[in-house]
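Take a moment to look over the sequence and the 3D view. Then follow the chain with the text below as a guide.

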Amino acid sequence: MHRVIVVGSPRAEGRSAALADQLFQACIDECPEDGVSIVSVASVDVAPCVGCGACRQVTPPPEPLEEGDPLSACAAIAASTAPSHSCIIADDMGEVRKHLDAADELVVVCPVYFAGVPAPCKALLDRMQPYYWSDARRQQRRPLVLHVVGEGGDPHGFEPLIGEVRSAFGVAGFSLELVLDWVGKVAPDGEITAEADEYPIPPVGGFGGATAAREAAEAAPASSAVEGGIAAQGSPEPGLAPTNQPDGAARAKLDLGAADRPKKKGGKGSKPGKGAGHAQGAQPGKKAKGSGKPAAKGAKKRG
């Protein structure tokens, strides 16, 4: 399978970037046959959506191939099945979409800015609009895991952030299955100081029930579960052991080995590259190792 890690922080080096880098390394260590890549909003040029509505229009099919055309039959099929809705803004969002289209599982690492996502991340989320007019959200759902990062101290929490991420990536065919709360648990230098807590996923249609669910979880015994199937207190075993989701659902937690692994500073793979990020087992224009899907332009080989 192929995992894509989206980093929503505008800072190239910060808490979110450090956590994403450790998740990236954990994927390599624990699932060496899988593909993994990082897309960071700090390293891509994505303009805000201007609401022009051009993505509503269906892209016309390509012109039929003339006799003797050098394109192979496979290339012709690929051209005829290109996305039917696209954005007219010419920037790096096209490369981001290549990563998302190739993902079997999506991991989002995002800091909290006034209970929501930072402005550059919100721009990327808003540019998911072309997916809304396609049929992506009606196809088989792919799992999404959200890691929320922050210094702490905001009394308003981060449920708006959950809603923004869930809504935008939902139209691209991803289903939020796990939220991990790292607020106050990652030091400024990237050191993990405590394990993340599993946060109850708010119900669709409103956040009022999420507060009640969280309060019930805090009051319930460690072995109980919150209504709706979200684990109350306690963390899954470290590693990539699957949760109680159906086959193909999101993994639980990656074992970051914070106590044993020193923080990485610089070096190969510590920062995503311009426009696409870095990837394990992938080269520009070639398939990522073990992913079975083409890697996006600009991916670097890892593993």
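What follows moves from the whole chain to its strands, its cores and a few single residues.

Keep one thing in mind from the start: this is a predicted model. The protein chain has 303 residues, and 46% of them are buried. Seven helices and nine strands make up its list of elements. How far apart in sequence are the residues that touch? Take the contacts with a separation of 6 or more: 73% of them join residues 24 or more positions apart. Now look at the outside. The accessible surface of the protein chain is about 15100 Å². Carbon and sulfur atoms own 54% of that surface.

Start with strand 1 and strand 2. These two strands pair in the parallel sense, over six bridges. Find V4, whose bridge partner in strand 2 is S37. How does the chain get from strand 1 to strand 2? It passes through helix 1, residues 15-30. This β-α-β crossover is right-handed.

Stay with strand 2, which covers residues 35-40. Is it enclosed or open? Six of its six residues are buried, so strand 2 is largely enclosed by the rest of the structure. Check both faces. G35, S37 and V39 point one way, while V36, I38 and S40 point the other way, and all are buried.

Next come the nonpolar cores. Nonpolar side chains tend to be buried together in soluble globular proteins. Here, the largest nonpolar core has 36 residues. Among those with the most contacts inside this core are L106, M128, F169 and V179. Several elements each give two or more residues to the core, including strand 1, helix 3, strand 3 and strand 5. Which element gives the most? Helix 6 does, with five residues. A second core is separate and has 20 residues, including L19, V149, W182 and A196.

Zoom in on L106. Leaving out residues up to four places away in sequence, L106 touches V4, V6, L100, P143, L144, V145, F169 and F174. V4 is thus a link back to the strands above: it is the bridge partner of S37.

Now the cysteines. How many disulfides does the structure hold? It holds zero. C31 is in no disulfide, and the nearest cysteine sulfur, that of C27, is 6.4 Å away. A disulfide needs the two sulfur atoms within 2.5 Å. C87 tells a similar story. Why does C87 have no bond to C52? The two sulfurs are 6.3 Å apart, which is too far for a bond. What about their surroundings? C31 is buried, because its relative accessible area is 10%, under the 20% limit. C87 counts as partly exposed, because its relative accessibility is 30%.

Finish with two residues that lie in short elements of the chain. Q129 lies in helix 5, residues 129-133. With a relative accessible area of 31%, Q129 is partly exposed. Q129 and G51 are 78 residues apart in sequence, yet their C-alpha atoms are 9.2 Å apart in space. D197 belongs to strand 6, residues 197-198. D197 is also partly exposed, at 40% relative accessibility. Its C-alpha is 9.6 Å from that of K185, and the two residues are 12 apart in sequence. Which residues does D197 touch? Not counting residues up to four places away in sequence, D197 touches V179, L180, D181 and K185. V179 is also one of the residues with the most contacts inside the largest core.

Key
Residues numbered from 1 in each chain as written. Predicted model: local features only at pLDDT ≥ 70, side-chain atom pairs only at ≥ 80, totals over all residues. Heavy atoms only, no water. Buried < 20%, exposed > 50% of the residue type's maximum accessible area, 1.4 Å probe, protein only. Helix = DSSP H or I, 4+ residues; strand = E, 2+ residues; numbered from the N terminus. Core = buried A, V, L, I, M, F, W, Y, C linked by side-chain atoms within 4.5 Å. Contact = heavy atoms within 4.5 Å. Pairing = 2+ DSSP bridges. Right-handed = clockwise from strand over helix to strand, strands pointing away. Areas by Shrake-Rupley, 256 points an atom, 1.4 Å probe, with all protein chains shown as cover.
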